[in-house]
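Trainee: Please pick one part of this model and take me through it closely. After that, I would like to hear about the elements around it.

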Amino acid sequence: MSTTQSERLRELLEPLVSSQGLDLEEIEVDSVGRKRVLRVVVDSDTGADLDRIADVSRALSAKLDETDAMGEGEYTLEVGTPGAERELKEHRHYVRAVDRLVKFQLAEDDELVARILQVDDDGIDVEVPGVKGRKPTARHLAFTDIAKARVQVEFNRKNNNEENAEEA
């Protein structure tokens with residue numbers, strides 16, 4: 001059974017990433033001219049600050065240097081986090097996106113933008129914003145009904161502390 005380079009790299013690097021208290025989300029190898037770029041995306045329930053990214057980057061670099069996993073030739077290692085508009089694929093991604101606005105592509109080709117309120121084993125509870133003065137509505141989405149989901153960036157959203165201060 002043959003495995004791809006990404007699968008071999010995942011087997012090699014995942015234990016190191018886990019030992020740093022992070023999840024290995026993605027591995028991607030791209031060719032840029034004659035050089036190759038290895039992109040590693042990591043995350044955790046509490047996020048990953050620059051110090052943790054630097055620590056895991058050093059650990060991965062050392063491991064790659066002692067193996068031939070990247071083969072001969074130069075490559076650049078880039079380690080980062082998923083970013084603001086991450087795609088939600090795993091159960092843990094949905095849990096980390098609680099209280100975030102998400103654009104859903106549903107299995108029946110419908111599109112929905114809603115805020116994740118709660119996640120369980122079968123799906124998620126969301127709040128669909130009201131339109132034209134209407135109140136928001138609650139809805140449950142089963143994971144099997146979601147074809148694709150991506151976090152949306154919100155520039156104008158007040159956080160709970162600001163809302164509570166205005167009410168006082």
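Mentor: What follows is a walk outward from one side chain to the helices and sheets of the chain.

A word on the ground rules: this is a predicted model, in which local features need pLDDT of at least 70 and side-chain atom pairs count only at pLDDT 80 or more, while totals for chains, interfaces and linings use all residues. Residues are numbered from 1 along each chain as its sequence is written, and side-chain values use heavy atoms, leaving out hydrogens and water.

Let us start with His93, which is found in helix H3 (residues 91-96). Helices here are DSSP runs of H or I with at least four residues, strands are runs of E with at least two, and both are numbered from the N terminus. His93 is buried, at a relative accessible area of 4%; buried means under 20%, exposed over 50% and partly exposed in between, with a 1.4 Å probe and protein chains only.

The side chain of His93 has a polar contact with the side chain of Glu25 at 2.5 Å and another with the side chain of Arg86 at 3.0 Å. By polar contact I mean a pair of N or O atoms within 3.5 Å; within protein, one must be able to donate a hydrogen and the other to accept it, and residues adjacent in sequence count only if both atoms are side-chain atoms. Leaving out residues up to four places away in sequence, His93 touches Glu25, Arg86, Glu87 and Leu88, where contact means heavy atoms within 4.5 Å.

Now follow the link to Arg86, in the loop between S3 and H3. Arg86 is buried too, with a relative accessible area of 11%. The side chain of Arg86 also makes a polar contact with that of Asp43, at 2.7 Å. Not counting neighbours within four places in sequence, the contacts of Arg86 are Glu25, Asp43, His93, Ala149, Arg150 and Val151. With Val151 the link spans 65 residues along the chain, yet the two C-alpha atoms are separated by 5.6 Å.

That brings us to the sheets. Strands S1, S2 and S3 form an open sheet in the order S1-S2-S3, with mixed pairing. S1 and S3 (75-80) are its edge strands, each pairing on one side only; two strands pair if DSSP finds at least two bridges between them. S2 and S3 run parallel over six bridges, and Val37 stands opposite Thr76 in S3.

Two helices lie on this sheet. H1 crosses S1 and S2 at about 135° to S1, and H2 crosses S2 and S3 at about 150° to S3. For these angles, axes are lines fitted to C-alpha atoms, for helices over the stretch in contact, and angles run from 0 to 180 degrees between N-to-C directions. H1 (residues 5-19) turns its buried residues, Leu9, Leu12, Leu13 and Val17, to strand S1 (23-32), strand S2 (35-43) and helix H2 (50-66), against which they pack. H1 also bends by about 35° at Leu13, with Pro15 following within four residues; the bend is the angle between axes fitted to the seven residues ending there and the seven starting there. After H1 comes Gly21, whose phi is positive, near 80°.

The other sheet is open and antiparallel, with five strands in the order S7-S6-S5-S4-S8. Its edge strands are S7 and S8 (146-151), and each pairs on one side only. From one strand to the next, the twist averages 45°. S5 (residues 111-119) and S6 (residues 123-128) pair over four bridges in the antiparallel sense, and a hairpin of three residues joins them. Val119 has Ile124 in S6 as its bridge partner. S6 and S7 (residues 137-142) are joined by six bridges and run antiparallel, with Glu127 opposite Ala138 in S7 and Asp125 opposite His140 in S7.

To return to our starting point, keep in view the polar contacts of His93 with Glu25 and Arg86, and that of Arg86 with Asp43.
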